[in-house]
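Notebook open, model loaded. I want to go through the packing, then the strand pairing, then the odd backbone angles.

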Amino acid sequence: MTMLRISLTVGLLWVSASALAANGQENARLGRVHVQADSIEMLGANSLKASGNVVVIGKDSVIHSHEALISQDGSVIQVQAVQSGQSHTSEFDPLSLQDARAAGGEMRLQREGYVAVKTKGLSTTWWNRATQTCVMVKTSQGRYSEVKVLAASVCMGS
């Protein structure tokens, strides 16, 4: 399992509402962060636990995970996302995604154990805890126009 901690700063106070969506998933809102999952449990006035096919959507980022604990302390929303680990024995070179279709590249990164840790504009930074690899991809016209391996500290500081 991979544990990823992300802090998002938002200017709105905690607002929550669990509802069953048409696809059978539950929804909740924490400030400007929207959470969708198979199950959402309110842990307190400022925290929740989401389980199963979790999607956390913030202003500049989207996090997909198996489980997530989400809490708010003042203007900071903290997301602790847990990925169900799949180990891959093949050596994957993220630079091979140069010019790949963005949708296919995102699926490949996730399959290889990468988690999106930051999105700004058309650039997304991905982190693979198992390999301690940080990758930035830039999308243009639906393709990865730029792929760079960054220092691990860039992702760990996100």
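Are Phe92 and Tyr114 buried or exposed? I looked them up: both are buried. A caution to myself before going on: this is a predicted model.

**Entry 1, the aromatic pair.** I searched the whole structure for aromatic pairs and got one. Phe92 and Tyr114 make that pair, in an edge-to-face arrangement, with 6.2 Å centre to centre and 70 degrees between the planes. The edge-to-face label fits, because the cut-off for it is over 60 degrees. Then I checked where the two rings sit. Phe92 is in the loop between strand 8 and helix 1 (102-111), while Tyr114 is in the loop between helix 1 and strand 9 (115-120), so the pair ties together parts that are 22 residues apart in sequence.

**Entry 2, the cores.** Next I pulled up the largest nonpolar core, which has 16 residues. Val35, Ile40, Leu48, Ala50, Val56, Ile70 and Val79 have the most contacts inside it. I asked which elements give two or more residues to this core, and the list is strand 3 (26-30), strand 4 (33-37), strand 6 (47-57), strand 7 (62-73) and strand 8 (76-83). Strand 6 gives the largest share, four residues.

There is also a second, separate core, with eleven residues, including Ala102, Leu109, Tyr114 and Val135. Tyr114 is the residue I had already met in the aromatic pair.

Back to Val35 for its contacts. With neighbours within four places in sequence left aside, Val35 touches Glu26, Asn27, Ala28, Ile40, Leu48, Ala50, Val55 and Ile70.

**Entry 3, the four-stranded sheet.** I traced an open sheet of four strands in the order 9-10-11-12, with antiparallel pairing. Strand 9 and strand 12 are the edges, each pairing on one side only. On average, neighbouring strands here are turned by 25 degrees against each other, direction ignored.

How many bridges hold each pair of strands? For strand 9 with strand 10 I find five. Strand 10 (residues 123-128) and strand 11 (residues 133-140) are joined by six. Strand 11 with strand 12 (residues 143-150) has seven.

I also noted some partners across the sheet. Ala116 has Trp126 in strand 10 as its bridge partner, and Trp126 in turn stands opposite Val135 in strand 11. Val135 is one of the residues of the second core. Further along, Lys138 is bridged to Glu146 in strand 12.

What lies across this sheet? Helix 1 does: it lies across strand 10, strand 11 and strand 12, and runs at about 30 degrees to strand 12.

**Entry 4, positive phi.** Reminder to self: most residues other than glycine have a negative phi. I therefore wanted the exceptions, and two glutamines turned up.

Gln132 has a phi near 55 degrees. Its place is the loop between strand 10 and strand 11, a hairpin with four residues between the strands. Gln132 counts as partly exposed because its relative accessibility is 40%.

Gln141 has a phi near 50 degrees. I find Gln141 in the loop between strand 11 and strand 12, and that hairpin has two residues between the strands. Is Gln141 buried or exposed? Gln141 is exposed, because its relative accessible area is 81% and the cut-off is over 50%.

Note on methods: Residues numbered from 1 in each chain as written. Predicted model: local features only at pLDDT ≥ 70, side-chain atom pairs only at ≥ 80, totals over all residues. Heavy atoms only, no water. Core = buried A, V, L, I, M, F, W, Y, C linked by side-chain atoms within 4.5 Å. Buried < 20%, exposed > 50% of the residue type's maximum accessible area, 1.4 Å probe, protein only. Contact = heavy atoms within 4.5 Å. Phe/Tyr/Trp six-rings, centres within 6.5 Å; stacked < 30°, edge-to-face > 60°. Pairing = 2+ DSSP bridges. Axes fitted to C-alpha atoms, helices over the stretch in contact; angles between N-to-C directions.
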